[in-house]
Amino acid sequence: MQSQPYRLLDESEYLTLEASSPVRHEYVAGEIFAMTGASIRHNIIAGNLYTALRTHLRGTPCRALMEGVKLYLKKERSYFYPDVMVTCESRLLELDAQMQIVDSPTLIIEVLSPSTEGIDRREKLRAYRTLPSLKEYALVSQDECKLELYRRRGDIAWDIITFEPGDAVEFASVELQMPIADVYFEAGVACSG
């Protein structure tokens, strides 16, 4: 019996497959990668950030999104599922409720896990930085009270800011400051300064 040759998927094939798949997949230039399940701590941290952002952005044209909304990177021919992202796309509210793809985020947040940390720090960091709309990319540890923020400075420079116990996290892209302890509220991570 002869094995089938490996074949890359085009974007429309991926989107069709993803629409009916019970498992989410990320897509990178023709290859798909199944996403692993997140821990309870991961979900609590992402939920805390989403809730804070959603509340803060109420009444503005910006929206906090999570869980199941794809990020499309045209230049990279890729689709990812960030843990939390904010978009201020004016067309977002005009589209129907079936929209599940964003291509102009202002802020992206990934909660690190052992299986994805390397990808979040390398491949996704490189890919996300190609988005002209992106102002900040946050990497949030789930094992210690630590948030690393990549903030765009000018056209090509990025500053790296680290927040630790006792700090107030500042997401300048959406004008939100919050105690880092709020990021880890009820997540079982010690965050006293």
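Helices (H or I, at least four residues) and strands (E, at least two) are DSSP runs, numbered from the N terminus. The model shown in every view is predicted.

**View A. Glu136 in strand E9.** Glu136 belongs to strand E9, which covers residues 136-140. Buried means under 20% relative accessible area. Glu136 has a relative accessibility of 0% and therefore counts as buried. Its side chain takes part in a polar contact of 2.6 Å with the side chain of Ser173. A polar atom of the Glu136 side chain also lies 3.1 Å from the backbone nitrogen of Ala172. When residues up to four places away in sequence are not counted, Glu136 touches Thr106, Leu107, Ile108, Leu149, Tyr150, Arg151, Glu170, Phe171, Ala172 and Ser173.

**View B. Thr106 in strand E8.** Thr106 is a residue of strand E8, and its relative accessible area of 7% makes it buried. Residues up to four places away in sequence being set aside, Thr106 touches Val86, Thr87, Cys88, Ser133, Leu134, Lys135, Glu136 and Ser173. Glu136, the subject of the preceding view, is thus shown here from the side of its partner Thr106. Leu9 stands 97 residues from Thr106 along the chain, and the C-alpha atoms of the two are separated by 29 Å.

**View C. Leu134 in the loop between H3 and E9.** Leu134 is placed in the loop that runs between helix H3 and strand E9. A relative accessible area of 0% makes Leu134 buried. Apart from neighbours within four places in sequence, Leu134 is in contact with Pro105, Thr106, Leu107, Ile108, Tyr128, Arg129, Arg152 and Trp158. The C-alpha atom of Leu134 is separated by 9.9 Å from that of Asp103, a residue 31 places away along the chain.

**View D. The aromatic cluster of Phe80, Tyr128, Tyr137 and Tyr150.** These residues, Phe80, Tyr128, Tyr137 and Tyr150, form one aromatic cluster. The count for the model comes to 4 aromatic pairs. Two members of the cluster also appear in the contact lists of earlier views: Tyr150 is touched by Glu136, and Tyr128 is in contact with Leu134.

**View E. The largest pocket and its lining.** The largest pocket holds about 710 Å³ of space. The elements that give two or more residues to its lining are strand E1 (25-28), strand E2 (31-34), helix H2 (40-57), strand E5 (78-80), strand E8 (105-111) and helix H3 (117-128). Helix H3 supplies the largest share of the lining, 6 residues. The lining comprises 34 residues, and those nearest the centre of the pocket are Glu26, Met35, Thr36, Thr116 and Lys124. By residue class, the lining divides into 14 nonpolar, 10 polar and 10 charged residues.

**View F. His42 in helix H2.** His42 is found in helix H2. With a relative accessibility of 7%, His42 counts as buried. Its contacts, not counting residues up to four places away in sequence, are with Asp83, Val111, Leu112 and Gln142.

**View G. Ala187 in the segment after helix H4.** Ala187 has its place in the segment that comes after helix H4 (180-183). Ala187 is buried, because its relative accessible area is 7%. It touches Arg41, Ile44 and Ile45, residues up to four places away in sequence not being counted. For one of these partners, Arg41, the C-alpha separation from Ala187 is 5.3 Å, although the two residues are 146 apart along the chain.

**View H. Positive phi values at Arg77 and Glu175.** Arg77 lies in the loop between strand E4 (70-73) and strand E5. Although Arg77 is not a glycine, its phi is positive, at about 50°. Arg77 is partly exposed, with a relative accessible area of 38%. Glu175 is placed in the loop between strand E12 (168-171) and strand E13 (176-179). Its phi is near 55°, likewise a positive value in a residue other than glycine. Glu175 counts as exposed, since its relative accessibility is 70%.

Notes
Residues are numbered from 1 along each chain as its sequence is written. This is a predicted model: local features need pLDDT of at least 70, side-chain atom pairs count only at pLDDT 80 or more; totals for chains, interfaces and linings use all residues. Side-chain values use heavy atoms; hydrogens and water are left out. On a 1 Å grid over the protein atoms alone, a cavity is a set of points where a 1.4 Å probe fits but cannot get out, and a pocket is an open set with protein on both sides within 12 Å along at least five of seven lines; lining residues have an atom within 4 Å of a point. Grid points are joined across faces, edges and corners, and a volume is the space filled by probe spheres set on the points. Ala, Val, Leu, Ile, Met, Phe, Trp, Tyr, Cys and Pro count as nonpolar, Asp, Glu, Lys and Arg as charged, and the others, Gly among them, as polar. Buried means under 20% relative accessible area, exposed over 50%, partly exposed in between (1.4 Å probe, protein chains only). A polar contact is a pair of N or O atoms within 3.5 Å; within protein, one must be able to donate a hydrogen and the other to accept it, and residues adjacent in sequence count only if both atoms are side-chain atoms. Contact means heavy atoms within 4.5 Å. Rings of Phe, Tyr and Trp (its six-membered ring) pair if their centres lie within 6.5 Å; planes under 30 degrees apart count as stacked, over 60 as edge-to-face and the rest as tilted.
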